[in-house]
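Trainee: I would like to learn how structural words are justified. Can we take them one by one?
Mentor: Yes. Bring up a term, and we will set the value against its definition.

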Amino acid sequence: MQAPAIISDATLAFIEREVAIDVASCGLDLLPSTARGYGCQVAADRSRITLFLKRSEAGQLLHDVLVHDRIAAVFCLPATESALQIKGRAVSLSLADVAGLAVVAQHARQFVAGVLPLGHERTFAEAYMQIAPADTVALSFSPEVVFEQTPGPGAGRPLQDQVTA
Amino acid sequence: MSVDITGLRHCMEGAIPSPIATCALDGTPNIAYLSQVQYVDACHIALTFQFFNKTRQNILQHPHAVVKVVDPHSGSSYRLHARYLRTETSGPLFEKMKAKLAGIASHTGMVGIFKLQGADVYEVNKVEAFVSAAQLPPQPSPAACLPTLRDASNRLNGSGDLDDLFDTLLTVLRELYAIDHAMVLKLDEARECLFTVASAGYAQAGIGSEIPLGHGVIGVAARERTPIRISHMTSEYMYGKAVRASAAAQGLQQQLETAIPLPGLEQCRSQLAVPILAGSELYGVLYVESPQDLRFGYDDEDALQTLANQFGWMARGMACQAAVEPAAAAGHSLPAPPLPELGDSLVQVRYFAADHSVFLNDDYLIKGVAGAIFWKLVHCYCAEQRRQFSNRELRLMPDLGLPEISDNLEARLVLLQRRLQERQACVQMLKTGRGRFVLQVSQPLLPVAEG
C-alpha cells in the first residue's frame, strides 16, 4: 500500500532549497550517531525522502539505520536560521546515481551562494560542501512526522503535514 | 576517558550553528540546533537550556549526545560525543552564557524570547574529526599569540607608576591587539560600583563615570569575577543608557556619578569585559568593544585576562609601595615648574560637603573621594600657597576621610588628574616624581564651601 504523502508544498520547497542538513540515528544501545547531509530529493509522490551522505563520515549512522531503522533529519536555512526536523523509518541505502549526484552538485552551488552574503568565505563554503561522487551514499526513508525546529519556544511542535492515518 | 577540545574553541564562536543529536528511551533519535556551545575547559562544554524541549527531555532520561562544531575557516567539522553532567543556574558560567545569549537573541531577532534557564554542562569523551580536504592558506598556530603576549607583558612591566600603568595598558591594546576602544574601571568597594579611571578611543573620555556592580557587561564581569564576552549588538547588556535605567529602577542612581556620561560606542557589536584581579581580590574591570560582530574570540579573552591579572598585581603593588614608602625616600623629585601668570578671571571652587561634589564656577568637576581630595588641595593652595604634595601626606590627612583601602587613593588621584586634564581645568596636577605632584594653577581661585 502506498504510504500517505505527508510533505506539504511548503516543507518540500524548504528542504530542497539551500539548507544545511544534519542527520541523526541511534543504535540499540541508544547512543546517538550523526552525519551531514549533502542534498535532499523528495520522490514525486512525496512518500520517500532521499538524503545524500558522505560514506566516510557516516559509518556509525549507516550502521545504526540498518540495525535500528530510525532516522531524524534537521534542515536549517542559514540566512534565517529557520529549521524543520523530519523523523521517519523504512530506511534504505544505495549508491548515489547520476541523478542523485546532480542533486548534490546543485545543492552545493545553492548552499555556497546562500552563505556568501552572510559573510562566510567562499573557501570555507566550498570546502564545507565538498564530497566525492564515489563517497556519496543515498539514504532514503519514509517521513512520519515533521516538526517546526526554528530555535525558540515553538521548536519541536509537530506541523500539520504529518501522518494522520 | 577524557579528550582535549582546547584546539576547537574557535569552532564554538557561533559562526556556524551546531546541531545536537540525542535519543529518547524508546529509541527515537532527535536532532536540533543549539543557540550556543560554550567551551568550559579541555574536556567540558556547556549548552544553553532555554526551553523544555525534546533535547532536554532526552538528556535528562539518557544523558548521551553528539554535538557537531565546524571550523568557520576551513570547513572541517568535529563531532563531540558528550555526556550530560549537570545544569548550573547561577554563577560565572551561567552569567557568561546569559550575556552571550543576549547578544545572539538580539542578532537573531529573538529578544524577549531567548532566556537562559540554565547552563547544561557536558563532559566530552570522544571527538571525531572530519578534516576538510580544501587547500586553504595556513592559519597562525595558537602559540603564535605568545610572543605578542610576552611583548605586552614586558611593556606593562616597565610602567613606572599607576598613571603610567593605565596608559601602558591602553597603548598595548591599541598597538599590539588593534583594539581601539577600551576603558579601565576601578572598583569602589564601599559603594559597590566601578569608576572609569582611563579610556581610549572615545570622543568623551568619561573619566569618573560610574557603573554599579552587577549592571551591564562590565558590572556582571565584576560581580561574577569572570570574563563576559558578547559577539553581537545587544541592548540588554549596553553599559550606558540601559545600565543607568536599571540602576534607576533599583533606586541606585542617587549614589552614582551621573553627571559624567559613560564613554561608549553608539553601534557596539562586540564587547569583552575581563575582571582585573590580584589573587582573589577584585581591583576593577578592563573593558574593550568594537563596532564589528565577532571581533573578540577565546584567544583575545585569554590574552586580556592574563594582562588584567598582571595589571591587578602591579596596581596593588604600586599602591602598597606608595603606602609604606617614606616621603623622603620616594625617589627623585623634579622641581615644581614656575606658576604661570594668573589670568584675570576669578574662578570660584564651589564645594558641597554632602557628597563632596566640586564645581568650577558652574561647571561640574567631580564628587566623592576625588572631590574631597581636590577641595583639600585647593584649600592648601589658597590658604598656605602650597603647590607641591605627596600621595603619602594625602593618605595621612585625617580630615579627608579616605577609604581604608590604599589603592583607592592612588586610583582616585589618577582619576582626578585625568579629569582635570580632560576638562582643561584652570587647575592641573603635574607629576614631579613617584608619588609627588604639583598644582599648576592658571586662574586665581576662590574656595566657596556651599554647605
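**From values to words**

Mentor: Start with chain A: 44% of its 165 residues count as buried. Keep in mind that this is a predicted model.

Trainee: What makes a residue buried?
Mentor: A count does. A residue is buried if 20 or more other C-beta atoms lie within 10 Å of its own. In chain A, 44% of the 165 residues pass that test. In chain B, buried residues make up 47% of the 451 residues.

Trainee: How do you know whether the radius of gyration of chain A agrees with that of a compact globule?
Mentor: Compare two values. With 165 residues, a compact globule would have a radius near 15 Å. Chain A has 15 Å, so the two agree. The C-alpha trace of chain A spans about 45 × 35 × 35 Å along its principal axes.

Trainee: Which elements make up chain A?
Mentor: Four helices and six strands. From the N terminus on, they run α-β-β-β-α-β-β-α-α-β.

Trainee: What makes β3 and β6 of chain A a pair?
Mentor: Two strands pair if there are at least two bridges between them. Strand β3 (residues 49-54) and strand β6 (residues 136-148) of chain A have six, so they pair, in the antiparallel sense. One of the bridges joins A:L51 to A:L139 in β6(A).

Trainee: Which other strand pairs with β6(A)?
Mentor: Strand β5 (residues 83-95) of chain A pairs with β6(A) over 10 bridges, again in the antiparallel sense. In that case A:K87 has A:V145 in β6(A) as its bridge partner.

Trainee: What share of the contacts in chain A join residues 24 or more positions apart?
Mentor: Among contacts with a separation of 6 or more, 67%. In chain B, 69% of the contacts between residues at least 6 apart join residues at least 24 apart.

Trainee: How many helices and strands has chain B?
Mentor: Chain B has 10 helices and 20 strands.

Trainee: How do you know that the length of helix α8 of chain B agrees with the expected span?
Mentor: Count its residues. Helix α8 (residues 368-384) of chain B has 17, and at 1.5 Å a residue they should span 24 Å. The end C-alpha atoms are 24 Å apart, so the span agrees. Buried residues in α8(B) include B:I373, B:F374 and B:W375. After α8(B) comes B:Q385, with a positive phi near 55°.

Trainee: Why are β17 and β18 of chain B at the edges of their sheet?
Mentor: Look at the order. The open sheet has three strands, β17-β19-β18 (chain B), with antiparallel pairing. β17 (388-390) and β18 (427-433) each have a single partner strand, so one side of each is left without a neighbour in the sheet. The twist averages 30° from one strand to the next.

Trainee: How many bridges join β18(B) and β19(B)?
Mentor: Six, in the antiparallel sense. One of the bridge partners is B:L439 in β19(B), which pairs with B:M429.

Trainee: What makes two residues of chains A and B a contact?
Mentor: Their C-beta atoms must lie within 7 Å. By that test, 34 residues of chain B are in contact with 32 residues of chain A. The largest share of the side of chain B that touches chain A, five residues, comes from β2(B). By class, that side has 18 nonpolar, 13 polar and three charged residues.

Terms used:
Residues are numbered from 1 along each chain as its sequence is written. Chains are lettered from A and ligands numbered from 1 in the order in which they are written. This is a predicted model: local features need pLDDT of at least 70, side-chain atom pairs count only at pLDDT 80 or more; totals for chains, interfaces and linings use all residues. Helices (H or I, at least four residues) and strands (E, at least two) are DSSP runs, numbered from the N terminus. The expected span of a helix is 1.5 Å times one less than its number of residues. A residue is buried if 20 or more other C-beta atoms lie within 10 Å of its own, exposed if 12 or fewer, and partly exposed in between; C-beta atoms are placed from the backbone. Ala, Val, Leu, Ile, Met, Phe, Trp, Tyr, Cys and Pro count as nonpolar, Asp, Glu, Lys and Arg as charged, and the others, Gly among them, as polar. Axes are lines fitted to C-alpha atoms, for helices over the stretch in contact, and angles run from 0 to 180 degrees between N-to-C directions. The radius of gyration is taken over C-alpha atoms; the globule rule is 2.2 Å times the number of residues to the power 0.38.
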